[in-house]
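Work through the exercises below with the structure open. Each task is followed by a solution in steps.

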Amino acid sequence: MTARLASLHSADASLVLECRGDGPPLWRHLGARVDAAELPSLADTRTPASFSLDRDVPLASAPTGGLGWFGPETLCLRRGGQRLVVDFTVARVQSEDGAITVLLDDPLAELLLAQRFSLDAGGAFSIDVRLTNTGSDPVTVDWLASALVPLAADSAGLVSWRGRHNAELVEQHEAMPQQAWRREGRRGISGHGGAPGVLVLAEGAGWDRGQVLALQLAWSGDASLSVERDDEGFWMLSAGALLQPGEVILAPGESYHAPAAVLAVSQAGRNGAMAQHHAAMRSRVAWPGGAMRPRPVHLNSWEACYFDHDAARIGALAEAAAALGVERFILDDGWFRGRRDDTAGLGDWSADPAKYPEGLGPLAERITALGMEFGLWVEPEMVNPDSDLYRAHPDWVLALPGRERPTARGQLVLDMARAEVRDHLFAALDSLLRAVPISYLKWDHNRDLAPAGGAAQVRGTYDLLARLRAAHPAVEIESCAGGGGRSDAGMVPYVHRFWTSDNIDAVSRVPVQRGFLSFLPPELMGCHVGASPAHATGRSQSLGFRAAVALPGHFGLELDPRSLTEEERAELAGWIAFYKHWRHLLHGGNTWLGEGPDGLVWQAAGQADQFLLFVIRPAPALDRRPQPLRLPFLASAGAVELDLLRIAGGDGGHAAHRPALWQGTARFTGSWLAQAGLPLPPLKAETVAIFRGRAA
Ligand code: GLA
């Protein structure tokens with residue numbers, strides 16, 4: 001029998017479902033692009049297996065347990081306290097305009113499940129799932145997977161990230177599990193391990209080759225990602241928001257919408273999957289005015305003065321910033337009522353009368369007159385017990401009756417599920433934005449949630465952000481949570497930047513930023529030049545190295561320029577000018593990452609005919625001479641001209657020690673650079689060689 005198929009095809013990949021009889025569609029393929037016009041039905045290809053049910057139960061688009069499916073389940077529900085067994089029949093499968101919509105129905109369980117598989121910008125697949133209670137009794141949702149998909153039989157390993165404050169996005173490599181692998185976040189935010197995401201690498205896959213499946217959830221709260229192998233030998237990947245028991249109860253007619261999953265399947269390795277995610281994220285960013293404008297150079301006041309500031313000090317800092325070419329000045333923590341340290345003030349969002357007796361208006365005007373935008377730090381979801389807000393509304397925080405209210409950094413968490421809390425915060429932020437010319441908010445979240453706020457907390461925050469964005473569409477927002485604790489696709493529609501890490505040590509930053517780029521594009525990655533020694537690690541690095549490592553992201557400063565020497569200030573101004581000159585290549589285009597011999601890592605940004613290449617040497621070389629660096633992204637480029645613009649760090653790569661090649665413009669073919677490699681100048685530890693490449 002010939003199968004009836006519903007398929008989606010990107011340039012690299014195909015997603016193929018088989019429609020059959022009344023049952024939900026079956027998974028036939030998720031992998032490299034195939035021509036699936038005609039196919040024998042799955043039933044005709046399945047061999048009988050001993051000790052199996054008489055009714056064959058292969059992996060469906062929405063597998064449910066209890067009637068013969070023993071693998072991971074799409075949903076877990078209760079009605080009247082009892083497990084609700086679901087057996088969907090198909091009501092409709094519709095395939096049009098780059099999307100497959102599957103509508104599943106269970107008249108006995110009185111449920112509808114709508115699944116939408118669509119092609120995202122850039123070739124990733126996007127999956128949306130909505131469950132509706134069509135019965136007359138409530139249904140408790142304990143789990144609804146955003147995605148549950150088959151993995152290729154030649155899957156070889158998993159790449160994921162873990163992390164903590166000051167050490168985000170530590171990359172982990174694990175073999176495919178014989179039983180199960182799980183990554184769960186239960187801290188209420190996506191956390192310092194980065195976006196809720198995972199890569200599945202096929203045998204032989206690397207940065208530039210082989211099949212890589214990369215999934216991220218558009219969700220900023222608790223999440224579960226798991227890979228299971230069933231006893232037929234198949235791996236399946238499931239991902240979804242973790243719900244608190246009893247948190248989601250659907251009244252008759254109500255729906256629960258799972259967070260979207262973005263799923264890239266690339267045959268061009270990790271870089272191919274990364275490009276698909278960058279495109280998908282770019283299509284979700286809501287830039288003021290509809291398009292990204294060049295990312296302005298920041299100075300963020302935190303590490304320049306922490307809580308110790310007033311109008312005079314900030315004014316002087318702003319002047320020093322403007323003199324270097326800074327374009328946006330962000331006044332960090334410490335500006336609001338009662339905020340002398342981190343024990344008081346959160347919740348009282350008006351200027352501290354002791355530090356800013358005339359309010360923020362004159363300061364904002366001074367900063368604007370210096371030609372910079374004015375940005376302000378807030379932490380709206382938090383409150384200190386020592387604040388007027390808490391004294392007035394002690395019942396507004398996440399708390400359990402009769403239980404302790406555990407503080408972290410001396411603060412409690414407002415219950416964002418409550419409309420009156422959101423209304424209050426909206427009014428406070430709205431009046432701040434109306435009173436003062438503020439064009440940017442750094443929106444922080446400096447603790448884990450205990451007690452848990454569940455999905456409602458996350459959705460409450462999204463709701464507040466959406467309302468504020470609608471009322472102040474010109475204001476950009478940065479997401480921060482003790483550095484990179486909330487850097488995920490769920491926040492992308494509301495924000496324009498993520499603060500990648502409070503650790504600005506440039507050696508530490510190299511892997512953190514590479515982890516960030518796996519799912520989110522470089523223009524959203526906040527990267528600052530910090531002081532030396534670095535406040536987070538105590539290590540010292542040259543200004544050039546610090547600047548070059550920060551350069552590929554959304555560049556800024558996190559120091560007091562007045563603490564630098566005249567020469568250092570001039571050098572920093574040079575780096576700021578360099579960033580402004582090249583930012584059109586750094587942002588909005590392709591990013592390619594790779595590793596070279598002897599501990600080198602590299603990244604390039606732009607297009608194959610016009611790009612910047614950063615070759616980073618974090619630690620000393622072991623080899624006597626540098627080996628050529630292969631640049632696979634140039635494989636199909638014609639003639640390429642390369643200029644070594646700078647060697648940042650070390651002694652600046654003393655010109656006399658450079659090979660003759662790097663005294664001028666070098667010419668190669670793309671295939672030579674991809675296969676034989678780029679001859680490199682010698683690089684000392686903690687240096688970055690920056691090349692400009694273009695089609696000759
Ligand atoms: C967090 C942020 C920092 C800074 C402080 C202020 O730790 O990550 O950048 O804003 O809060 O308290």
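**Exercise 1: Two helix pairs**

Helix 9 and helix 10 are roughly parallel to each other. The model is a predicted one.

Task: Find the angle and the axis separation behind this description of helix 9 and helix 10, and give the hand of their crossing.

Solution.
- Step 1. Locate helix 9 at residues 506–517 and helix 10 at residues 543–550.
- Step 2. The two pack at an angle of about 15°, and their axes are 10 Å apart.
- Step 3. Angles under 35 degrees count as roughly parallel, so helix 9 and helix 10 fall in that class.
- Step 4. The crossing of helix 9 and helix 10 is left-handed.

Task: Classify the packing of helix 7 against helix 8 by angle and by hand.

Solution.
- Step 1. Helix 7 covers residues 419–435, and helix 8 covers residues 454–471.
- Step 2. Their axes come within 10 Å and cross at roughly 30°.
- Step 3. With the cut-off under 35 degrees, helix 7 and helix 8 are therefore also roughly parallel to each other.
- Step 4. Helix 7 passes helix 8 in a right-handed crossing.

**Exercise 2: Backbone details in loops**

Task: State which peptide bond leading into Pro 451 is cis, and where Pro 451 lies.

Solution.
- Step 1. The bond runs from Ala 450 to Pro 451, and its omega is near 0°, which is cis.
- Step 2. Pro 451 belongs to the loop between strand 27 (440–443) and helix 8.

Task: Do likewise for Pro 533.

Solution.
- Step 1. From Ser 532 to Pro 533 the peptide bond is cis, with omega near 0°.
- Step 2. Pro 533 sits in the loop between strand 30 (525–530) and helix 10.

Task: Report the phi of Tyr 306 and place the residue in the chain.

Solution.
- Step 1. Phi of Tyr 306 is near 45°, a positive value in a residue other than glycine.
- Step 2. Tyr 306 lies in the loop between helix 3 (302–305) and helix 4 (311–324).

**Exercise 3: The ligand site**

Task: Describe the residues around the ligand, and the polar side-chain atoms beside its oxygen atoms.

Solution.
- Step 1. There are 13 residues around the ligand; Asp 332, Asp 333, Lys 442, Gly 483 and Asp 502 come nearest.
- Step 2. By class, this shell has four nonpolar, three polar and six charged residues.
- Step 3. Asp 333 has a polar side-chain atom 2.6 Å from an oxygen atom of the ligand.
- Step 4. For Arg 409, a side-chain N or O atom is 2.8 Å from a ligand oxygen atom.
- Step 5. For Asn 446, the distance from a polar side-chain atom to an oxygen atom of the ligand is 3.0 Å.
- Step 6. On its own the ligand has 310 Å² of accessible area, of which the protein covers 97%.

Methods
Residues are numbered from 1 along each chain as its sequence is written. This is a predicted model: local features need pLDDT of at least 70, side-chain atom pairs count only at pLDDT 80 or more; totals for chains, interfaces and linings use all residues. Side-chain values use heavy atoms; hydrogens and water are left out. A residue is near a molecule or strand if one of its heavy atoms lies within 4 Å of it. A polar contact is a pair of N or O atoms within 3.5 Å; within protein, one must be able to donate a hydrogen and the other to accept it, and residues adjacent in sequence count only if both atoms are side-chain atoms. Accessible areas come from the Shrake-Rupley method with a 1.4 Å probe; for residues, only the protein chains shown count as cover. Ala, Val, Leu, Ile, Met, Phe, Trp, Tyr, Cys and Pro count as nonpolar, Asp, Glu, Lys and Arg as charged, and the others, Gly among them, as polar. Axes are lines fitted to C-alpha atoms, for helices over the stretch in contact, and angles run from 0 to 180 degrees between N-to-C directions. Helices (H or I, at least four residues) and strands (E, at least two) are DSSP runs, numbered from the N terminus. Angles under 35 degrees count as roughly parallel, over 145 as roughly antiparallel, 65 to 115 as roughly perpendicular and the rest as oblique. A crossing is left-handed if the near helix is turned anticlockwise from the far one by less than a right angle, and right-handed if clockwise.
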